[in-house]
Amino acid sequence: MLNDLFPGWKERFGKQTDFNRTQDNLVNGIINLITLDNKIKFSALNSFNAENRQKILGAWIFRQAGFHTNQSVISAVQQLFRKQTGSRVQLGLGYEVMRERQELLLLNQHSTIPEPLASVSFDRSEISTTSAVRLGENNFQLAESAWDGKPELLTLELREDALLFPLRFRYWKAGDRMNPLGMRGSKLVSDILTDQKVPSWQKKQAVVVQSFDGKIAAVIFPMDVTGKAGLIAAHAACTQLQDKSIKIKRIK
């Protein structure tokens with residue numbers, strides 16, 4: 001594709017020429033091809049030499065964060081190739097680059113979710129045949145049901161008489177705990193997410209379902225992370241066939 005857009009790009013890329021604009025366009029074209037928003041894959045970067053990786057990383061950081069970084073910082077970012085998952089390099093102004101398995105992620109440490117957008121509540125009367133919930137990038141479908149004992153893909157089913165309405169869907173916070181079905185005792189939601197191998201940069205997208213009494217009835221995992229919807233608290237699990245239930249289905 002690059003050969004079609006920029007004939008002879010391999011020969012010109014990285015060289016000092018009078019065509020700085022062409023070189024900038026070339027770098028931006030490469031970034032468009034090998035990145036997805038704030039992610040860049042190691043395998044894509046490894047196809048370039050160290051000097052050209054620095055050019056690409058510098059341009060990528062500028063595009064995402066809006067400021068230029070010096071060569072020593074970019075060199076430190078390149079060292080993340082040799083470090084373990086979770087290692088980070090501070091860029092300044094609240095930004096950092098983190099290694100997450102085979103990707104580099106550029107994160108804004110100070111980004112927060114405004115409180116009005118951080119939760120949504122439903123009264124019992126608002127859940128009829130089907131109700132939709134949207135919370136940031138999370139989309140759910142709520143429906144009345146009767147438990148038939150069969151699990152459904154990307155769906156959690158909570159026993160209705162174990163819930164106190166209104167139900168609140170919110171992002172989890174430090175200190176949240178629940179007693180997951182099939183486990184002994186309560187457990188921090190943060191530990192549950194770690195045990196389920198939810199990537200650290202995606203943990204903030206996890207959602208808890210909280211009854212009016214403050215009890216957490218379920219934790220819902222970020223989409224396409226673990227292959228399942230989440231975990232139900234023991235007290236909210238259906239126990240008998242035809243128990244009245246509330247189904248929560250993840251949708252894209």
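**Aromatic rings and a buried arginine**

A search of the whole structure, which I should say at once is a predicted model, finds four aromatic pairs. Let me begin with one of them, Phe67 and Tyr95, whose ring centres lie 5.8 Å apart with the planes at 65°, so that the pair is classed as edge-to-face. As for where these two residues sit, Phe67 belongs to the loop between helix H5 (50-65) and helix H6 (71-78), while Tyr95 is in strand E4 (residues 95-100), and the pair therefore ties together parts that are 28 residues apart in sequence.

Are these two residues buried or exposed? Phe67 has a relative accessibility of 13%, and because buried means under 20%, Phe67 counts as buried. Tyr95, at 17% relative accessibility, counts as buried by that cut-off as well.

Elsewhere in the model, Phe122, Phe140 and Phe169 come together as one aromatic cluster, and I would ask you to keep Phe140 in mind for a moment. There are also arginines placed over rings: Arg53 lies over the face of Phe81, 5.7 Å from the ring centre, and Arg124 lies over the face of Phe165, at 6.0 Å from the ring centre.

That brings me to another arginine, Arg250, which is found in strand E16 (residues 244-251) and which, with a relative accessible area of 4%, is buried. What does the side chain of Arg250 meet there? One polar contact, at 2.8 Å, joins the side chain of Arg250 to the side chain of Asn138, and a polar atom of the Arg250 side chain also lies 2.3 Å from the backbone oxygen of Phe221. If we leave aside the neighbours within four places in sequence, the residues in contact with Arg250 are Asn138, Asn139, Phe140, Leu154, Ile220, Phe221, Pro222, Met223 and Ala229. Phe140, then, is in contact with Arg250 and is also a member of the aromatic cluster that I mentioned earlier.

Let me step back, finally, to the protein as a whole, which has seven helices and 16 strands. Of its 252 residues, 46% count as buried, and the protein exposes about 14,100 Å², of which carbon and sulfur atoms supply 50%. If we take the contacts with a separation of 6 or more, residues 24 or more positions apart account for 61% of them. The pair of Phe67 and Tyr95, with which I began, links parts that are 28 residues apart in sequence.

Conventions
Residues are numbered from 1 along each chain as its sequence is written. This is a predicted model: local features need pLDDT of at least 70, side-chain atom pairs count only at pLDDT 80 or more; totals for chains, interfaces and linings use all residues. Side-chain values use heavy atoms; hydrogens and water are left out. Helices (H or I, at least four residues) and strands (E, at least two) are DSSP runs, numbered from the N terminus. Buried means under 20% relative accessible area, exposed over 50%, partly exposed in between (1.4 Å probe, protein chains only). Contact means heavy atoms within 4.5 Å. Accessible areas come from the Shrake-Rupley method with a 1.4 Å probe; for residues, only the protein chains shown count as cover. Rings of Phe, Tyr and Trp (its six-membered ring) pair if their centres lie within 6.5 Å; planes under 30 degrees apart count as stacked, over 60 as edge-to-face and the rest as tilted. A charge sits over a ring if NZ of Lys or CZ of Arg is within 6 Å of the ring centre and within 35 degrees of the ring normal. A polar contact is a pair of N or O atoms within 3.5 Å; within protein, one must be able to donate a hydrogen and the other to accept it, and residues adjacent in sequence count only if both atoms are side-chain atoms.
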